[in-house]
Structures are given as structure tokens and as C-alpha cells.
Amino acid sequence: MTTTRITTTDDDARNVDEPDFLDFAGAEMLRAAGRVEPAEGAAAVDAARRAVRDAVERDMAPAPLDRGRRRRRFAVAAVAVAAVAAGFFVLPVTGVDGAPPAASANAATFLRDVAATAAEKPAPDARYWKVERRFDNREKAISGEQTTWYSRTSTVISHDGGESSVCHGDYCTFPAGDGGQTHWTIGRERVTWDGLAELPTDPKALRAKLLGGSTDGRGSVNNQIVNLLVTAPARPELRAALFEVLAGMDGVHLVGPMKDGEGRRGVAVKWKGPQLSHVLIVDPATSKLLEHREDGRFGPGVTTFLSTGPASELD
């Protein structure tokens, strides 16, 4: 069982929310939406061009009606990946409401394909939603690992010793507050475990819900999306809609292939919020978030999501 281990150099650091950032040294952010430096060598460029041509041919080929949408998404994503490798600019896609593209074309194409993958996953059905994470903020000298189990009526956190009113043995249990159910803050509302099933799955309607009436809540919306994708037992349709909303957010750009702190391969997107810059690494094969890097006034740091998913018991 993973237990909480936190080290800090000052008392004030203990009052800081769990950081989810890390130094991103050596990784250059793309300056223009959908652009990268050309690949080295003519062979690499030729291979990428062939991949683009092959993907377009597959996209144009007839497909059965019940598989057409998924097949087209896959082919468009293949074009995006190959074009990034060759240093091309990918054609723009529209936002969630049909407006001009808000995110870079590459990021939007990638995230919408991840949304299609998320929609095909089975719905979670277990007593707990378990999250194992490792966090590190070198500026504040805070680091540790923690396992959290979310249930309808409580939140349980792994514990490595000491007794208190909520901590006994290996666990600290925090009963749900208002209404007796665990809840997530969405916009201006508190949505319970059961209430997650009532959230809209239309991207435009879900974005409005996340904004909660605000006209300038981009940073808050991004953070809510990450939090829900990691900590909430969201049904596949809702997870897909969350990726669709992120795809349509202003200022989200594709970084490209990247490994997380565990050496797992994923694809990274980035954006800059009102106070923090973010890099999110996603596994496109599973639609799971691997790592969230952040840089701001508390310094660079990271939260690596070692595992997320349903669990039948505390272990």
C-alpha cells in the first residue's frame, strides 16, 4: 500500500495545497500553434509525408456507417501526428460551438481523438475511486506519495502512523459534509457522486456548467477538467465531453510525445492560466492522465498519477 510521505523545510509549506508541478527544463514550448522545427534528415521527412498521404487515403475510403465516425477520427489524428513529425501545419478544426478554432489545430485534433477513446471505455462500477499519486515541488521542498479512495460518503487517505479523531492505523477517513455525499466543485455548484450522472455531456453545455456564469474562467475550467478526469468516477460520456471542452479552450497547444516521471510514454498538451503554466501528459491509448506539470509562484513541480480507477476495497 502506498503511504503519505511529506517533507518540507518550513511550516508555511504545510498549508500549501498539494502541488502538481515540476521543472520542465530542456523541453521547448511551441511558439506557434501547430508548428515545430523540421525533422532532421530527408528520410524522416519523406516517411512523415508518406504517413500523411496514407492517412488521407484511408480517411477517404468508404467505411461502414456504424464505424465511420471513429475511423475518420483516427485517420485525422494520424495526419496530425505525422504532420507534427514533419514540421507541417495541420489544417484547423472548429471549436465546440462551430466557431473558429480556439486551441491549436494539432491539440484540438489530438484531444478530440482521446475523447473518442474515452467514450469507448467501460463505465466505472465499484465502491471506491482510487487515485495513487506522487507529487514534488522543489521550490518549497515538498514531496511525497499518497493514495486516496473516494466513495459516495467519505474520502480515505493513506496514512503512515499516528492516531487522531480521523486517522487510525493505515487510513485517515473524512466523512462527506453537506448532503452526506462526496462532492466536486463545478462552476458555482457542488456536484455529488450521484450528481455526476446528471452533468451534461454536450461539450458546449458542459463548458457553460464549468464556467458557472463566468465570462473569464479559462484557468478555473482547465483545473476543473483535470480534477474531474483524475478524481471523479465519471461515466465514459462525461470523460469524453471533458476532453472535448479542453480541446475547445483558448490557448491549448500540442507539445508532442513526452515521458512522465515514471518513464511512461504519452503525448503532452500545454496552456497558460492566469497565474500558472501547465503541461498535461495523456496516454492516448487509454485516455488516462499520466502527469500534470505546473509552474508558478510556488515554483516548478509535478503530480504524477501512478494509477487511477475503480476499486472494490481499501488496499
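These are my notebook entries on a predicted model of a single chain.

**Entry 1. Overall counts**

I began with the whole chain. I found six helices and 12 strands. Of the 315 residues, 46% are buried. I then looked at contacts with a separation of 6 or more, and 60% of them join residues 24 or more positions apart. The chain exposes about 16100 Å², and carbon and sulfur atoms supply 50% of that area.

**Entry 2. The sheet**

Next I traced the strand order. I read an open sheet of 10 strands, in the order 4-5-3-2-1-12-11-10-9-8. The pairing is antiparallel. At the edges I found strand 4 (167–168) and strand 8 (253–259), each of which pairs on one side only.

I checked one pairing in detail. Strand 9 and strand 10 run antiparallel and are joined by six bridges. Ala-268 stands opposite Ile-281 in strand 10.

I also picked a residue in strand 12 (residues 301–311), namely Thr-308. Is Thr-308 buried or exposed? Its relative accessible area is 13%, so I count Thr-308 as buried. I listed its contacts, leaving aside neighbours within four places in sequence: Trp-129, Lys-130, Val-131, Val-230 and Lys-288.

**Entry 3. The hairpin of strands 6 and 7**

I moved to strand 6 (residues 183–186) and strand 7 (residues 189–192). Four bridges join the two, and they run antiparallel. They form a hairpin with two residues between them. In the turn, Gly-187 has a positive phi of about 65°.

Which side chains of strand 6 are buried? I saw an alternation: Trp-184 and Ile-186 point to one face and are buried. His-183 and Thr-185 point to the other face and are not buried. Across the hairpin, Trp-184 stands opposite Val-191 in strand 7.

**Entry 4. Aromatic pairs**

I searched the whole structure for aromatic pairs and got three. I noted both descriptors, as a pair of aromatic rings is described by the distance of the centres and the angle of the planes.

I took Trp-149 and Tyr-171 to begin with. The ring centres are 5.6 Å apart and the planes stand at 80°, so the pair is edge-to-face. The angle is over the 60 degrees that this label needs. Trp-149 is in strand 2 (residues 142–150) and Tyr-171 in strand 5 (residues 171–175), 22 residues apart, so I logged a link between distant parts of the chain. Trp-149 has 0% relative accessibility and counts as buried. Tyr-171, at 22%, is partly exposed. The cut-off for buried is under 20%.

Then I took Tyr-150 and Trp-184. Their ring centres lie 6.5 Å apart with the planes at 40°, so I call the pair tilted. Tyr-150 belongs to strand 2 and Trp-184 to strand 6, so the pair ties together parts 34 residues apart in sequence. Tyr-150 is buried at 13% relative accessible area, and Trp-184 is buried at 5%. Ring pairs also bring in Trp-193, so that Tyr-150, Trp-184 and Trp-193 make a cluster.

**Entry 5. Helix 6**

I tested the length of helix 6 (residues 236–247). At 1.5 Å a residue, its 12 residues should span 16 Å. The end C-alpha atoms are 17 Å apart, which agrees.

How many residues of helix 6 are buried? I counted 11 of its 12, so the helix is mostly covered. Among them are Pro-236, Arg-239, Phe-243 and Glu-244.

**Entry 6. The nonpolar cores**

I finished with the cores. The largest nonpolar core has 45 residues. Those with the most contacts inside it are Leu-210, Phe-243, Val-269 and Leu-289. Elements that each supply at least two residues include helix 3 (105–119), strand 1 (128–137), helix 4 (203–211) and helix 5 (218–231). Strand 6 is also one of these contributors. The largest share, eight residues, comes from helix 6.

I followed Phe-243 further. Not counting residues up to four places away in sequence, Phe-243 touches Leu-111, Val-114, Ala-115, Ala-118, Leu-229, Val-282, Ser-287 and Leu-289.

I also logged a second, separate core of six residues, which includes Met-258, Ala-268, Val-279 and Ile-281. Two of its members, Ala-268 and Ile-281, are the residues I had found opposite each other in strands 9 and 10.

Conventions:
Residues are numbered from 1 along each chain as its sequence is written. This is a predicted model: local features need pLDDT of at least 70, side-chain atom pairs count only at pLDDT 80 or more; totals for chains, interfaces and linings use all residues. Side-chain values use heavy atoms; hydrogens and water are left out. Buried means under 20% relative accessible area, exposed over 50%, partly exposed in between (1.4 Å probe, protein chains only). Two strands pair if DSSP finds at least two bridges between them. The expected span of a helix is 1.5 Å times one less than its number of residues. A nonpolar core is a set of buried Ala, Val, Leu, Ile, Met, Phe, Trp, Tyr and Cys residues joined through side-chain atoms within 4.5 Å. Contact means heavy atoms within 4.5 Å. Accessible areas come from the Shrake-Rupley method with a 1.4 Å probe; for residues, only the protein chains shown count as cover. Rings of Phe, Tyr and Trp (its six-membered ring) pair if their centres lie within 6.5 Å; planes under 30 degrees apart count as stacked, over 60 as edge-to-face and the rest as tilted.
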